[in-house]
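Trainee: I am new to this structure and would like a close look at a single part of it. Please start with one side chain and its surroundings, and then lead me outward from there.

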Amino acid sequence: MYRIFLFICTTALIVYLFPKGGIFKYEFTKGKPWQYENLYAPFDFAIAKTAEEVSAEKKRITDNIIPYFDHDTIIANTAKDSYNEAFTNYLSVLDQSNSSDQAKLFGRILLNDIYRYGVLQETYSYENKRQIFLNKGNKAEAITYGQILTPNALTKLISTRIDKSEYTKFKTGFVALFYDLVKPNVRLNDKLTESTLENELAKVLTTRGGVSRGSRIIAKGEVVEGDKLQILSSLKAEYESQVWSDKNFYWIVLGYCLLVSLALMMLLLFIRKYRKDIYENITQITFIFFNILFMVLVTTLVVKYRSDYIYVVPLCILPLVLKAFFDSRLGLFTHVVTVLILGFVVPNSYEYTFLQIIAGIVTILTISESFKRANLFISVGQITSIYILAYIAFHVIHEGSISNIHWTTVVLFIISGFATLIVHPLIYAYEKIFGLISDVSLLELSDTNSVLLKELSNKAPGTFHHSLNVANIAEAAANEIGANAMLVRVGALYHDIGKMARPTYFTENQTTSGNAHDVLSPKESAKIIIDHVIGGIEIAKKYNLPDRVIDFIRTHHGTSTVYYFYTKEKENNENVNIEDFQYPGPKPFSKETAILMMSDSVEAASKSLKNPTSSLIDSFVEKIVTKQMEDGQFLNSNITFKEIQQIKKVFKRKLTNIYHLRIEYPE
């Protein structure tokens, strides 16, 4: 019921994020032939201008807009009113020439000419012949920008007019007079100019001409380019942006629901058939669906607000995360399903799908041992390179040239590559939220200097040494059959931590001073031996070990019998209950836990071998593993007979190396 609920909720949320409109049913590419039958206009529509055409038209309007300047008449009138007094103060010397009235008139005329159009408060980058509007009160006069005086033009005008007059000898006084009197009184009216520009830009049409219903748009085999391309693009945009009726809206939502549910169902069936342990784990199946939903959410948000930046979304994080927690096959399958779902949302869906699937495959193939930082950087570099190469190839196909590549898109790919590096902190967050374990955490747990393993080596040194040997043997066996070697090694290091509670009751920690079991009954001894499993689980939980590691502690003896004490009890009591001498289980339920069970039994029992030879080791390994198989200990684990044979070969080789015969050197 939970899986059905999760499936329905994920489908509903994904469809909710999708745009609620139709999808144009034809795919076309610039420069490629039209592969469908003749296309006729299904309704009347306008032909949209290209973005370049609209941009060029707006630029022309912006360049030719007539700016508005304000003329401050108060400043001009103040200067004129102050002229008589200023003239008396600065040019009283003219009284000697009996020409003061003429000089005063000359100055007033010059002052009127200066303020006819005014003096600019600051200069602007307009050409002198550029037409402008000069606001004087409620009246706007059309003049050229050059008619308004700049500070330099003002100086030149005063000097030129005086030089051409009969008052040249009073030039210094006149110049000083006008510099004191004349104040700038013209400035650009930014708000009015900007408002006028916005009004003009708003009038720019985004369409040119139209196509009437029933008109043939393109014939089969005709190349999609030029006007044909623009008409098809206009039809697609018009089709997808129509205002849909309620009836059409619900049909579209139903179509989305069917397609998304089919994609998610394929993923769910894949997990159920090939990853049954994941399918049965509620947390893990929720984690997978959460990641799909998260990627769809991020991508749809980018498409909604800035579709040009679609490639900045680091979609390759999805297979990286899933490979870190599960395996490559599941990571790639989930990535492909997610990309197919996103194909409904993104522009240029074929190009996007191709690029993302190729990048996902490269991600899975190149990333190995993701806990090593160098490997992740190398993989990110390869992913980014594939993105860029594939994008350039598509661009060449569309445009026939690389001269006009959009380098912004290339930069987006590089940013996406760097964004992929957040996978490590993301994995850490997922471990804490969902209780999962990755290779990075396994690497940390395998450190023998950790607090728990240090405590094990101090309290039970024999058990610690036994765990190291089991870890080496189990890791080699896991590598041989393609199991998770790092997980097996960590499980082997911690599988016997329960022996720390009573270390002297286990033979590997006993000294020659005696055996603690000599004073106990077989049933009591068996209970102490069996209790190291329960005690190990309690210690593991106390130290917050992941559940996947605790599984090795639970299962490393399965439901086997403490045979030595069972036979000893049977000698005195024929009616002995075998259940009192059996481990509680469960049996191993994965390849990794099965490998540990075999490795633990073989390594522990090998200590009893005296004068081992190759043939003795072979028969010894065969006997132990066969006994476990006959007891049905591996029935719940997905391990095959062939893999068990490979594992036994590894055990024989490893034990032969450990117990190899040495030459006796003379003293």
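**A threonine and its surroundings**

Mentor: The backbone oxygen of leucine 330 lies 2.8 Å from a polar atom of the side chain of threonine 334, where a polar contact is a pair of N or O atoms within 3.5 Å; within protein, one must be able to donate a hydrogen and the other to accept it, and residues adjacent in sequence count only if both atoms are side-chain atoms. Before going on, please keep in mind that this is a predicted model, in which local features need pLDDT of at least 70 and side-chain atom pairs count only at pLDDT 80 or more, while totals for chains, interfaces and linings use all residues. Residues are numbered from 1 along each chain as its sequence is written, and side-chain values use heavy atoms, with hydrogens and water left out.

Threonine 334 belongs to helix H14, residues 328-342 (helices, H or I of at least four residues, and strands, E of at least two, are DSSP runs numbered from the N terminus). With a relative accessible area of 0%, threonine 334 is buried (buried means under 20% relative accessible area, exposed over 50%, and partly exposed in between, with a 1.4 Å probe and protein chains only). Once its neighbours within four places in sequence are set aside, threonine 334 is in contact with Leu267, Ile288, Ile292, Leu318 and Leu322, contact meaning heavy atoms within 4.5 Å.

From there we can turn to a helix with two sides. In helix H25, residues 563-572, the buried residues are Phe565, Tyr566 and Glu569. These residues lie on the same side of H25 because they cover an arc of only 105 degrees around the axis, the arc being that of the directions from the helix axis to the C-beta atoms. Tyr563, Tyr564 and Glu571, on the other side of H25, are exposed, and helix H23 (522-542) is included in what covers the buried residues.

Strands deserve a look as well. Strand S4 (residues 131-136) and strand S5 (residues 139-144) run antiparallel and are joined by 6 bridges, two strands being paired if DSSP finds at least two bridges between them. Phenylalanine 133 has alanine 142 in S5 as its bridge partner. The two strands form a hairpin with 2 residues between them, and glycine 137 in the turn has a positive phi of about 70 degrees.

Charged side chains come last. The count of salt bridges is 20, where a salt bridge is a side-chain nitrogen of Lys or Arg within 4 Å of a carboxyl oxygen of Asp or Glu. One of them joins lysine 49 to glutamate 57, with the closest N and O atoms 2.8 Å apart; lysine 49 counts as buried at 18% relative accessibility, whereas glutamate 57 is partly exposed, at 22%. Glutamate 455 and lysine 459 also meet in a salt bridge, at 2.8 Å from N to O, and these two residues are separated by about one helical turn because they are 4 residues apart in helix H20, residues 451-459. Another salt bridge, again 2.8 Å from N to O, brings together the side chains of glutamate 643 and lysine 591. Glutamate 643 lies in helix H28 (residues 641-658) and lysine 591 in helix H26 (residues 591-606), so this pair ties together parts that are 52 residues apart in sequence. Glutamate 643 is itself buried, with a relative accessible area of 11%. Finally, Glu53, Arg208 and Asp227 are joined into one network by salt bridges that share partners.
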